[in-house]
Protein chains: 2
Amino acid sequence: MPVSVFQSAPKGAPARTADVYRAAAALMVEKGFGGTSIGDIAQAVGMTKAGLYHHISGKQDMLYQIMKHAVDALERIVCTPVRLIDDPEERLRQLMRLHIQALIGHGLAFATIWSEVNHLVPAHREEIRGRVGEHLELIRETLRELSENGRLRSLDVNIATMHIVNAITGVSRWKFQDFASEEEHLIQETVAYTMAALLKPAP
Amino acid sequence: MPVSVFQSAPKGAPARTADVYRAAAALMVEKGFGGTSIGDIAQAVGMTKAGLYHHISGKQDMLYQIMKHAVDALERIVCTPVRLIDDPEERLRQLMRLHIQALIGHGLAFATIWSEVNHLVPAHREEIRGRVGEHLELIRETLRELSENGRLRSLDVNIATMHIVNAITGVSRWKFQDFASEEEHLIQETVAYTMAALLKPAP
DNA sequence: CCATACCTACCGATCGTTCGGTCACCAGTC
DNA sequence: GACTGGTGACCGAACGATCGGTAGGTATGG
C-alpha cells in the first residue's frame, strides 16, 4: 500500500479533502482542466458543488494545490531516496522505477504536473515549473556524472533528459488503457530501453 | 513551404475553412478541447462565433474533421513514402524524421490525434484509433523485420513501438517552448537516441 | 454550544448553437 | 448597362444549458 500523494492536506487529518484532490486529479488527467467541471468532481466524490467548496477555495487554486502536493510527493518519494545512491547508473534506474511506480500507484496526481501546468496563473506556473526544474536538474546531473565516468554515449544531455521524463510520463498514459496488469514488465522494459539509449555498449 | 494538412477541405477551394481548422488545432493543443471555446477559435481567425458556423457543423465534429485530415496527412506525408524504403533501419530513421518535421511544420493538427482522441464520440474515436493503429503497425512491422535480421536488441516490440511514438510526439510538445530554432539538432539527437535504444551495438 | 461537513437554492457569466438578416459578388436577361 | 435573382461568407442578437461560485440553512459529533 503506497503512501498517498495527499497524505497531508492543510493541517490535521482532513481525509475527505484528499479524496477530493485525488478524484479531481484523475478527472483532469482524463478530460483536461477545461473539460472537467466542478460538478463532475463533486459527483465523483458523492457531494454537491456547494459541498465541494468546503474543501477547496476555487477551481484554479485546487489545481495549484494538487500540483504542489504532487511536487512535494515527487521530492519525498523519488528524489530524496534516490540522491542517496552513489552509482549514477543505479541512481538513474531507481529514479525511473520509483517515478513510474508513483505515477501508476497514487491515483494520477503526478501526471497533472506535466500536462496541465499552463492552466495555472502565471505566478503559480512559474513556481511549479521551477520545482519541476529541480527534478530535471537531478536527472541532468546524473547524466553528467555518467559522462565524466566515460559511461555515457555521445549525446545532448538536455535533450536526453527530456526523453527520459517523456518516457516516464508516457508509460503512465498507456498503463490504464493498453497495458493493464503488466506493471513490472512495463517498468523493466522501459528502464532497459532507456539505459540502452544512454549508455555505451558493454565492451 | 510545406504541404498543408488541410489542403483539401470538403470540395473546391474553401481556403478559409482550412484557416479555421488550423487555428482550432493550435488552440486545442495549447489549451485542450474543453479549454478552447468556439469564441476563442472565432477570435483567432477574426470572425464571430456565428460566422464560424458557416464553416463547421459543431464543435465535436470539427475536432473529428481535424483528426481525419491529420490522419490522412500522416498517411500521405509519412507512411506512404516510407514504405518504399527497403532497409528497415533506414525506414525507421526516415519515419521518425518525417513525422517530427510534419508535427513541427504544419501547425499542430497532428498532435491532436494523440492528445484529444477521447473527446470524440465513441464511434469516431474507434475510427481514429483504428487508423492510428495502422501507423503503429507500420512501426511494429519494421521492428519485427529488424529483429529477423538479427539487428534488434532483445526487447518487447509492442512497448518499444509505444516508446518510439511517445518520443516523436514528445519532441513536438517541447519544440515551441524549450528548444526553439534548433529543429535539425533536435531531430538528429532524437533519432540517434532511439536507434541506440533499439539496435544491437555495432560489433 | 459551536465548529465541521454538508445541503438546497440561487447568481451572473459563459458556453455551444441557432436564427434572421446583411453585403459583396456572380450569372443571366432585357 | 441597368435590373433581377441567387449564392457564399459573414454578423448581431438571442436561445437554453451549463459553468464557477455564493448565501444561508441544517444535521452531527465533541
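Helices here are DSSP runs of H or I with at least four residues, numbered from the N terminus. The model is predicted, so local features need pLDDT of at least 70 and side-chain atom pairs pLDDT 80 or more, while totals for chains, interfaces and linings use all residues. Residues count from 1 along each chain as its sequence is written, chains are lettered from A and ligands numbered from 1 in the order written, and side-chain values use heavy atoms, leaving out hydrogens and water.

**View 1. A:Thr161 sits in helix α8 of chain A.** With a relative accessible area of 0%, A:Thr161 is buried (under 20%; exposed is over 50%, partly exposed in between; 1.4 Å probe, protein chains only). What does A:Thr161 contact, leaving aside neighbours within four places in sequence? Its partners (heavy atoms within 4.5 Å) are A:Leu136, A:Ile139, A:Arg140 and A:Leu143.

**View 2. A:Leu98 belongs to helix α5 of chain A, residues 88-105.** This leucine is partly exposed, at 21% relative accessible area. Skip the residues up to four places away in sequence, and A:Leu98 touches A:Ile77, A:Val78 and A:Val82. Also worth picking out is A:Leu74: A:Leu98 is 24 residues from it in sequence, yet their C-alphas are 9.4 Å apart.

**View 3. Chains A and B meet around a rotation axis.** Turn chain B by 180°, with 0.0 Å of shift along the axis, and it lands on chain A at an RMSD of 0.1 Å (least squares on C-alphas with pLDDT of at least 70 in both copies). The pair is therefore related as by a two-fold rotation axis. Which C-alpha of chain B lies nearest that axis? The one of B:Ala197, 1.9 Å away. The copies meet through the same surface, because 100% of chain B's interface residues are interface residues in chain A too.

**View 4. Helix α9 of chain A has 16 residues.** From first C-alpha to last, α9(A) reaches 23 Å, close to the 22 Å expected at 1.5 Å a residue (counting one less than the number of residues). Its buried residues include A:Leu186, A:Ile187, A:Glu189, A:Tyr193, A:Ala196 and A:Ala197.

**View 5. The largest cavity holds about 80 Å³ of space.** On a 1 Å grid over the protein atoms alone, a cavity is a set of points where a 1.4 Å probe fits but cannot get out; lining residues have an atom within 4 Å of a point. Volume is the space filled by probe spheres set on the points, which are joined across faces, edges and corners. The structure has four cavities of 30 Å³ or more. Lining the largest are His163, Asn166, Ala167 and Tyr193 from both chains, plus B:Thr194. Helix α8 (157-175) of chain A, and α8 (157-175) and α9 of chain B, each give two or more of these residues. By class, the lining has four nonpolar, five polar and no charged residues (nonpolar: Ala, Val, Leu, Ile, Met, Phe, Trp, Tyr, Cys, Pro; charged: Asp, Glu, Lys, Arg; polar: the others, Gly among them).

**View 6. The second largest pocket has a volume of about 300 Å³.** A pocket is an open set with protein on both sides within 12 Å along at least five of seven lines. Of its 15 lining residues, A:Ala196, A:Leu199, A:Pro201, B:Ala196 and B:Pro201 lie nearest the centre. Helix α9 (183-198) of each chain supplies at least two lining residues, and α9(B) gives the largest share, three. The lining counts 11 nonpolar, no polar and four charged residues. B:Pro201 follows α9 of chain B and is partly exposed at 45%. Its C-alpha is 8.7 Å from that of B:Arg151, 50 residues away in sequence.
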